Amino acid sequence: MQRSRAVSGGLARASQPVLVIATLAAPFAVFFFDRLEPASVLRPDAVAALYLLGIASIGTSGSSLHALAAALLSFVLYEFGAAEATSTAIALSSGDFVVLAAFVASAAIVAWVAAGRTRQVASLTARQAHGTLRHELSERLAEHHDEGSVARSALAFLERTFESEIVMWLGERAFHSGAGTRVPHPPSYLGTPAFDGKWLWIPLNGVDGQLGAVALQRGPDHSSFDDELVHSLSADIAHSVVRARLTGELHQERVANESERLCTALLASVSHDLRTPLTTIMGAAESLRTFGETLPTQDRGDLLSTIEAEGRRLDRYIQNLVDVTRIGDGNLAMDVATSTVDEMIASAVARLRRYDPEVRLDVHIDSDVPQVRVHAALVEQAIFNVLHNASKFSPPGHPIVVHAGLDDHVAVVIEVVDAGPGIPHAERERVFDMFYSADRGDPARAGTGLGLAISQSIVRAHGGEVSAHAGGDGVGTRMRLVLPLVPVGCEPCH
């Protein structure tokens with residue numbers, strides 16, 4: 001890992017050769033300065049103060065060894081200069097030992113203070129770098145919503161950060177990018193971090209116990225800051241794994257609730273709605289069989305049209321029931337695949353035109369709409385149900401506007417706008433209830449009351465939502481389908 005090595009200042013950033021030169025230069029600079037004007041020799045205490053200044057400048061490097069060397073050299077030059085000024089031989093007195101002690105103490109104190117400052121700045125710099133890495137990791141993991149993709153993303157991040165081989169265990173699943181390398185197993189019990197001579201094992205702890213472990217192959221250059229960082233990142237990974245598991249459980253619970261709700265409707269609808277079109281078809285067929293030859297051509301045509309219309313209605317209803325059972329099977333996640341929004345809309349539009357050849361549609365799809373991971377057949381059915389509902393209430397000659405766009409780069413929004421009578425605000429939630437129909441007693445607009453309910457369940461099973469709003473300028477209805485770009489709880493595509 002690339003770590004900043006910031007220090008306090010002065011000579012702290014100097015290289016070793018430069019520091020050695022400075023250690024020699026500072027005392028000699030004072031010595032020669034004292035010798036510049038022999039006729040006016042500085043007072044001994046002033047010379048000592050200059051040597052102390054030079055010693056302190058070397059001490060700012062934080063190196064006790066260089067500061068001590070500067071102190072001893074300064075003392076030797078100080079004594080030599082004093083002896084030369086008095087034309088006497090060097091003879092150490094008690095005062096000289098006080099000067100020596102002052103030089104050495106000054107060197108030790110300044111070096112100790114500078115070293116502490118260096119360590120403090122280095123620690124703060126490392127912690128800032130750690131915070132940056134943790135923020136980057138959290139942003140990467142926030143993009144993933146299932147346990148497997150969280151683990152793979154975290155593994156790639158750790159390998160890049162530590163430039164080391166990483167192994168991650170989540171339960172019985174091992175994640176490891178090394179090819180042909182034996183994947184080590186975690187210790188039988190890992191309550192705290194452990195080192196087995198090659199791998200540093202860090203437990204991944206969740207709220208309800210240990211989720212797994214991360215193993216870092218330690219090298220000789222890994223410092224204590226590396227250990228502290230891998231501990232922090234491992235804790236963040238554990239939190240993301242817990243989030244992914246909770247998200248998956250929430251998704252499964254949502255699907256289960258929708259499945260139960262739809263299966264209950266299935267049982268009720270078999271006796272409630274299948275009977276009506278069947279009775280109409282059988283009545284028309286019986287009339288044709290009994291009175292076919294005596295009926296006027298117009299009447300026979302009307303009866304045939306009735307059979308055809310009710311047959312289509314029955315076909316739509318049976319398709320809805322099939323969708324109910326497909327959701328109830330709990331196999332939605334296995335069928336999720338990457339699909340294009342324009343293809344699903346085009347397929348739903350083609351189906352609608354087969355049922356209603358006179359319908360007019362105005363479709364707009366933004367160029368930046370990406371592909372989505374969905375169950376394409378079910379989402380197409382959800383779009384078709386909304387389009388068919390809009391076609392029932394749109395006045396003849398008025399187009400149904402369909403628009404698909406990207407919402408804040410996290411979801412695709414499909415809006416279907418009609419020019420019908422609209423839905424009162426108090427009923428905009430109820431239109432998604434089972435068997436609720438806003439036909440206002442108009443037989444031509446009568447339906448089973450399952451279309452929008454099934455659309456809502458399909459989209460919710462993908463982590464999205466369907467909602468009803470007022471149309472443009474308060475005219476008609478605007479149905480809004482929101483599909484997240486990454487459906488929660490869905491397994492990754494391999």
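This passage describes the overall make-up, the confidence and selected packing features of a predicted model of a single chain.

The chain, as modelled, contains eleven helices and twelve strands. Of its 494 residues, 42% are buried, and the accessible surface amounts to about 25600 Å², with carbon and sulfur atoms supplying 58% of that area. When contacts with a sequence separation of 6 or more are considered, 68% of them join residues that lie 24 or more positions apart.

Confidence in the prediction varies along the chain. The mean pLDDT is 76, and a value of 70 or more is reached by 75% of the residues. Helix H1, which spans residues 16–35, has the lowest confidence, with a mean of 70, whereas strand S7, formed by residues 361–365, has the highest, at 94. The pLDDT falls below 50 over residues 1–9, a stretch that nevertheless has 24 contacts in the model beyond near neighbours in sequence. It is likewise below 50 over residues 488–494, for which the model shows 17 contacts beyond near neighbours in sequence.

Three helices, H9, H10 and H11, provide two packing arrangements that share H10. Two packed helices are described by the angle between their axes and the distance between the axes. Helix H9 (residues 341–355) packs against helix H10 (residues 376–393) at an angle of about 45°, and their axes are 8 Å apart. Angles under 35 degrees count as roughly parallel and those from 65 to 115 as roughly perpendicular, and H9 and H10 are therefore oblique to each other. The crossing in which H9 passes H10 is right-handed. On the H9 side, the meeting residues are Met344, Ile345, Ser347, Ala348, Val349, Arg351, Leu352 and Tyr355, while H10 brings Ala376, Val379, Glu380, Gln381, Ile383, Phe384, Leu387, His388 and Ser391 to the contact.

Ala350 is also found in helix H9, and with a relative accessibility of 35% this residue counts as partly exposed. The C-alpha atom of Ala350 is separated by 9.3 Å from that of Phe384, a residue 34 positions away along the chain; Phe384 is itself among the H10 residues that meet H9.

The second arrangement pairs H10 with helix H11 (residues 451–461), whose axis comes within 9 Å of the H10 axis and crosses the latter at roughly 145°. In this case H10 passes H11 in a left-handed crossing. The contact draws on Leu378, Val379, Gln381, Ala382, Asn385, Val386 and Asn389 of H10, and on Gly451, Leu452, Ile454, Ser455, Ile458 and Val459 of H11. Val379 and Gln381 of H10 thus appear in the contact with H11 and also in the contact with H9.

Helix H11 is mostly covered, with ten of its eleven residues buried. The buried set consists of Gly451, Leu452, Ala453, Ile454, Ser455, Gln456, Ser457, Ile458, Val459 and Ala461. After H11 comes Gly463, which has a positive phi near 85°.

Several individual residues illustrate how parts of the chain that are separated in sequence are placed in space. Ile55, in helix H2 (residues 44–59), has a relative accessible area of 0% and is buried, because burial is assigned under 20% relative accessible area. When residues up to four places away in sequence are not counted, Ile55 touches Ala67, Ala70, Ala71, Ser74, Phe103 and Ala107. Ile55 and Ser106 are 51 residues apart along the chain, and their C-alpha atoms are separated by 7.3 Å.

Ala235 belongs to helix H6, which covers residues 224–272, and is partly exposed, with a relative accessible area of 31%. Between Ala235 and Ile202, which are 33 residues apart in sequence, the C-alpha to C-alpha distance is 9.1 Å.

Leu406 is placed in strand S9 (residues 400–407) and is partly exposed, its relative accessible area being 23%. Apart from neighbours within four places in sequence, the contacts of Leu406 are with Asp366, Asp368, Val369, Pro370, Ala411, Val412 and Leu485. Leu406 and Ile365 lie 41 residues apart in sequence, with 9.6 Å between their C-alpha atoms.

Note on methods. Residues numbered from 1 in each chain as written. Predicted model: local features only at pLDDT ≥ 70, side-chain atom pairs only at ≥ 80, totals over all residues. Heavy atoms only, no water. Helix = DSSP H or I, 4+ residues; strand = E, 2+ residues; numbered from the N terminus. Buried < 20%, exposed > 50% of the residue type's maximum accessible area, 1.4 Å probe, protein only. Contact = heavy atoms within 4.5 Å. Areas by Shrake-Rupley, 256 points an atom, 1.4 Å probe, with all protein chains shown as cover. pLDDT = per-residue confidence, 0-100. Axes fitted to C-alpha atoms, helices over the stretch in contact; angles between N-to-C directions. Parallel < 35°, antiparallel > 145°, perpendicular 65-115°, else oblique. Left-handed = near helix turned anticlockwise from the far one by under 90°.
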